[in-house]
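The following exercises are to be worked with the sequence and the model side by side. Each task is followed by a solution in steps.

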Amino acid sequence: MDAVRRTRLRAADPAGVAEAARLLRAGQLVGLPTETVYGLAAHAFDADAVLAVFDAKERPRFDPLIVHVLGADALAQVVDERRLSPAARRQTEALTRLWPGPLTLVLPKAAEVPELVTSGLDTVAVRAPAHDAARAVLRALGAPFVAPSANRFGRISPTRAAHVVEELDGRVPLVLDGGASEHGVESTIVGVEEDGTLRLLRPGATPRGAVEDIAGARLEAPRARGPRRGPGMLASHYAPRIPLVLETGQRDGPVAWLLFGSPTRDDWARYGVPVAVERLGDDDRRAARELFAALRRLDDSGASWILAELPTSRGGLGPAIRDRLTRAAADRDPSMT
Ligand code: TXA
Ligand code: MG
């Protein structure tokens, strides 16, 4: 990793965007806002820059990255469209009607995409971000960028520019500040298979129902076996430094609570007085937006563990929030789910 002495934070205005594009063209990394979470961007066709992303994040090389493009017109740059069957092509055309937005599609990879981006898989994950600053950088760069979430591997994803600095200070020359992330959880990832079957590989900011409606098809579960499924699929991910325990777990020491509803009398009786409480509320869009920032605050609250409720909502963003909290609570061994 190139030694970067310090990380500069600047507004995602036209001058900031121009500098970001200049740095990316020169093979450097840039932290930037997207509508889901902040990303750590590198030029997608520059294998050395892509390698620097893995180094800065301390991310294992077997975890593939998402390529970001302006829209469906740019798909041919990264996807081998000749390998799309008519059924897969039809589904791809339907799903890209949700672009720009928080939906990532896994499709046959074009030869031009460096192997490192896809960890040797013959598929590539691609999405068109909706955030104005991310789009402006793509336009100024004139090429796709890769952008994993801008956190050190396994840690809580950043939803503010300041979180990126907390995670990667000194490892990236520039972070563009575009305000708080609109969705707060990562994109939904859908695999489009040869026969047109769609698989939900990661629940995320686009609700399952929105994908199924536009595709006119059900989303299937991921295959139980097959190629490595990547870091969003690791059992432990999105983790605070202190242990996070779901619902009925119990530990010793000062506790911090992450709740959706109000604490009940039983909660107080069972767990004692918390040193900090974050209440995300019942609106799942609002809860998703605040989730990662709330986890960071609890991590820094002086508590020695976090007791987290799971959201009750089964639709909308409920599944994405459940997924992130379940992984944040998982044992931190590197086994795959
Ligand atoms: O919202 C987002 O998608 C954010 C913003 C920054 O765009 N990015 C993001 O990237 O979440 P990252 O690196 O944190 O997550 C990448 C996910 C991993 O779970 C990985 O498994 C999956 O994408 N992925 C990438 N390529 C894949 C492939 N060829 N097949 C299956 N999954 C893939
Ligand atoms: Mg991530």
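Two strands are taken to pair if DSSP finds at least two bridges between them. The model is a predicted one.

**Exercise 1. State the strand order of the four-stranded open sheet and the direction of its pairing.**

Step 1. The order across this open sheet is 11-14-12-13, and the four strands pair in parallel.

Step 2. Strand 11 and strand 13 (276-279) are the edge strands, since each pairs on one side only.

Step 3. From one strand to the next, the twist averages 20°.

Step 4. Strand 11 and strand 14 (residues 305-308) run parallel and are joined by three bridges. With at least two bridges required for pairing, the three found here satisfy the criterion.

Step 5. At the level of residues, Leu246 has Ala308 in strand 14 as its bridge partner.

**Exercise 2. Identify the strands that helix 10 lies across, and give its angle to strand 11.**

Step 1. Helix 10 comprises residues 318-329.

Step 2. The strands it lies across are strand 11, strand 12 (255-259) and strand 14.

Step 3. Relative to strand 11, helix 10 runs at about 120°.

**Exercise 3. Locate the cis peptide bond before Pro100, and the positive phi values of Glu58 and Tyr238.**

Step 1. The peptide bond between Trp99 and Pro100 is cis, with omega about -10°. Pro100 belongs to the loop that runs between helix 3 (86-95) and strand 5 (103-108).

Step 2. Glu58, a residue other than glycine, has a positive phi near 55°. Its place is the loop between helix 2 (47-57) and strand 4 (66-68).

Step 3. Tyr238 is likewise not a glycine, yet its phi is positive, at about 55°. This residue sits in the loop between helix 7 (208-215) and strand 11 (244-246).

Step 4. Is Tyr238 buried or exposed? The cut-off for buried is under 20% relative accessible area; Tyr238 has 2% and is therefore buried.

**Exercise 4. Classify the residues of three salt bridges, Asp55 with Arg61, Asp80 with Arg82, and Asp300 with Arg241, by accessibility.**

Step 1. The criterion is a side-chain nitrogen of Lys or Arg within 4 Å of a carboxyl oxygen of Asp or Glu. By this rule the count is 24 salt bridges.

Step 2. Asp55 and Arg61 form a salt bridge at 3.6 Å, N to O. Asp55 has a relative accessibility of 27% and so counts as partly exposed; Arg61, at 46%, is also partly exposed.

Step 3. In the salt bridge of Asp80 with Arg82, the closest N and O atoms are 3.1 Å apart. Asp80 is buried, because its relative accessible area is 12%, whereas Arg82 is exposed at 75%.

Step 4. Between Asp300 and Arg241 the closest N and O atoms are 2.6 Å apart. The pair links distant parts of the chain, 59 residues apart: Asp300 is in the loop between helix 9 (284-299) and strand 14, and Arg241 is in the loop between helix 7 and strand 11. The cut-off for exposed is over 50%; Asp300, at 52%, is therefore exposed, and Arg241 is exposed with a value of 52%.

**Exercise 5. Which residues are linked with Arg152 in a network of salt bridges?**

Solution. Arg152 is linked in this network with Arg155, Glu166, Glu167, Arg296 and Asp299.

Conventions. Residues numbered from 1 in each chain as written. Chains lettered and ligands numbered in written order. Predicted model: local features only at pLDDT ≥ 70, side-chain atom pairs only at ≥ 80, totals over all residues. Heavy atoms only, no water. Helix = DSSP H or I, 4+ residues; strand = E, 2+ residues; numbered from the N terminus. Buried < 20%, exposed > 50% of the residue type's maximum accessible area, 1.4 Å probe, protein only. Axes fitted to C-alpha atoms, helices over the stretch in contact; angles between N-to-C directions. Contact = heavy atoms within 4.5 Å.
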